[in-house]
Amino acid sequence: MIETPTKKRDEAVGKSQRGTEESVAVKWILISVALAFCVVFLMLPLVNVFVQALAKGWSFYWAALTHPDSWAAIRLTLLVSAISVPLNVLFGFAASWAIAKFEFRGKSFLITLIDLPFSVSPVVAGLMFVLLFGLQGFFGEWLDARNVHIVFAVPGIVLATVFITFPFVARELIPVMQATGTEQEQAALTLGANGWQTFWHVTLPSVKWGLLYGIILCNARAMGEFGAVSVVSGHITGQTDTMPLRVEKLYNEYNGQAAFAIASLLALLALVTLGLKTLLEWKQARDYRAASAASIPGGTP
């Protein structure tokens with residue numbers, strides 16, 4: 001039998017994906033342990049959230065979601081995400097472009113600053129904003145004299161959310177831009193394209209999957225942030241309560257089913273985020289396979 005280049009390529013890919021050959025017993029033990037952890041620590045709590053939310057029926061569930069205070073928390077969460085995610089996209093694109101395309105003094109320090117929210121507790125981050133913009137803070141008297149309210153108001157929640165979430169887009173774009181290099185942009189400029197044409201038709205398409213992945217992760221964290229927002233919000237019902245804060249407040253008031261109803265909405269948003277993430281990864285892998293097949297003689301795109 002004559003082996004075609006496509007068959008040889010498929011066999012090589014299969015061997016590289018298997019890596020090492022383990023016994024059947026070891027394979028199923030590892031799979032069973034992984035599945036057990038997923039079921040106990042992920043699936044059961046998630047299912048329990050929806051069971052508890054619907055324990056009193058759909059009418060109670062809908063009433064809990066449409067309660068004026070709960071609806072205000074949902075609107076505020078969506079508003080904060082709608083503001084913080086685009087800001088993080090702008091910052092992430094600028095920072096990743098500077099880090100990947102240029103060499104400058106302080107480059108490693110900038111990368112360290114991007115990773116800062118990963119190492120600082122969200123509660124500490126919220127406290128920093130209180131010490132800066134609170135009434136007794138560094139800028140407190142100056143802001144109060146001009147009737148500008150940041151802490152215990154929406155601007156403080158936005159600032160805290162932006163701080164917590166700004167590494168996500170940058171951290172997804174930096175390795176992608178470093179991998180693509182600058183050859184394509186230089187070729188486009190040599191052929192007469194201006195800066196905006198190069199950005200829209202060369203740079204952006206080459207990093208689109210990393211950008212979308214970063215946006216999804218950033219949005220998920222923005223909607224679910226609790227620690228930093230809890231410090232700067234003031235917990236004003238109907239005004240500065242986001243969905244996570246509303247869940248805590250309802251649970252502390254012994255209104256468990258209503259708390260689980262709001263929590264189920266957050267869980268549903270998380271599942272949608274996970275689905276979009278999986279879809280993007282599948283499309284990215286498909287495009288990579290198609291590009292690899294097209295680059296191999298005799299391959300099928």
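How much accessible surface does the protein have, and what share of it belongs to carbon and sulfur atoms? About 18100 Å², with 69% belonging to those two kinds of atom. Keep in mind that this is a predicted model. Here are my notes.

1. **Overall build.** You'll be looking at helices here: the protein has 16 of them and 0 strands. Along the principal axes, the C-alpha atoms fill a box of roughly 75 × 55 × 30 Å. The radius of gyration is 24 Å, whereas a compact globule of 301 residues would come in near 19 Å.

2. **Inside and contacts.** Buried residues account for 34% of the 301 in the protein. Take the contacts with a separation of 6 or more: 72% of them join residues 24 or more positions apart.

3. **Charges overall.** The protein carries 21 positive and 19 negative charges, and the mean positions of the two sets sit 6 Å apart. Side chains of opposite charge can pair when their charged atoms come close. The count of salt bridges comes to 4, and three of these are worth a visit: Arg171 with Asp115, Glu225 with Arg221, and Asp241 with Lys249.

4. **Arg171 and Asp115.** These side chains meet in a salt bridge, at 2.8 Å from N to O. The pair links distant parts of the chain, 56 residues apart: Arg171 belongs to helix α10 (residues 167-180), while Asp115 is in the loop between α5 (107-114) and α6 (116-119). Arg171 counts as partly exposed because its relative accessibility is 32%. Asp115 also counts as partly exposed, at 25%.

5. **Glu225 and Arg221.** In this salt bridge the closest N and O atoms are 3.0 Å apart. Glu225 has just 3% relative accessibility, so it counts as buried. Arg221 has a relative accessible area of 29%, which makes it partly exposed.

6. **Asp241 and Lys249.** Here the side chains meet in a salt bridge at 2.8 Å, N to O. Asp241 counts as buried, with 3% relative accessibility, and Lys249 is buried too, with a relative accessible area of 14%.

7. **Arg246, without a bridge.** Have a look at Arg246, in helix α15 (residues 243-252). Which side chain of opposite charge is nearest to this buried arginine? That would be Asp69, 4.3 Å away. Arg246 has no salt bridge, because a bridge needs a side-chain nitrogen within 4 Å of a carboxyl oxygen. Leaving aside neighbours within four places in sequence, Arg246 is in contact with His67, Asp69, Ser70, Ala73, Thr237 and Ile262.

Note on methods:
Residues are numbered from 1 along each chain as its sequence is written. This is a predicted model: local features need pLDDT of at least 70, side-chain atom pairs count only at pLDDT 80 or more; totals for chains, interfaces and linings use all residues. Side-chain values use heavy atoms; hydrogens and water are left out. Helices (H or I, at least four residues) and strands (E, at least two) are DSSP runs, numbered from the N terminus. The radius of gyration is taken over C-alpha atoms; the globule rule is 2.2 Å times the number of residues to the power 0.38. Buried means under 20% relative accessible area, exposed over 50%, partly exposed in between (1.4 Å probe, protein chains only). Contact means heavy atoms within 4.5 Å. Accessible areas come from the Shrake-Rupley method with a 1.4 Å probe; for residues, only the protein chains shown count as cover. Lys and Arg count as positive and Asp and Glu as negative; His and the chain ends are not counted. The place of a charge is taken as NZ of Lys, CZ of Arg, CG of Asp or CD of Glu.
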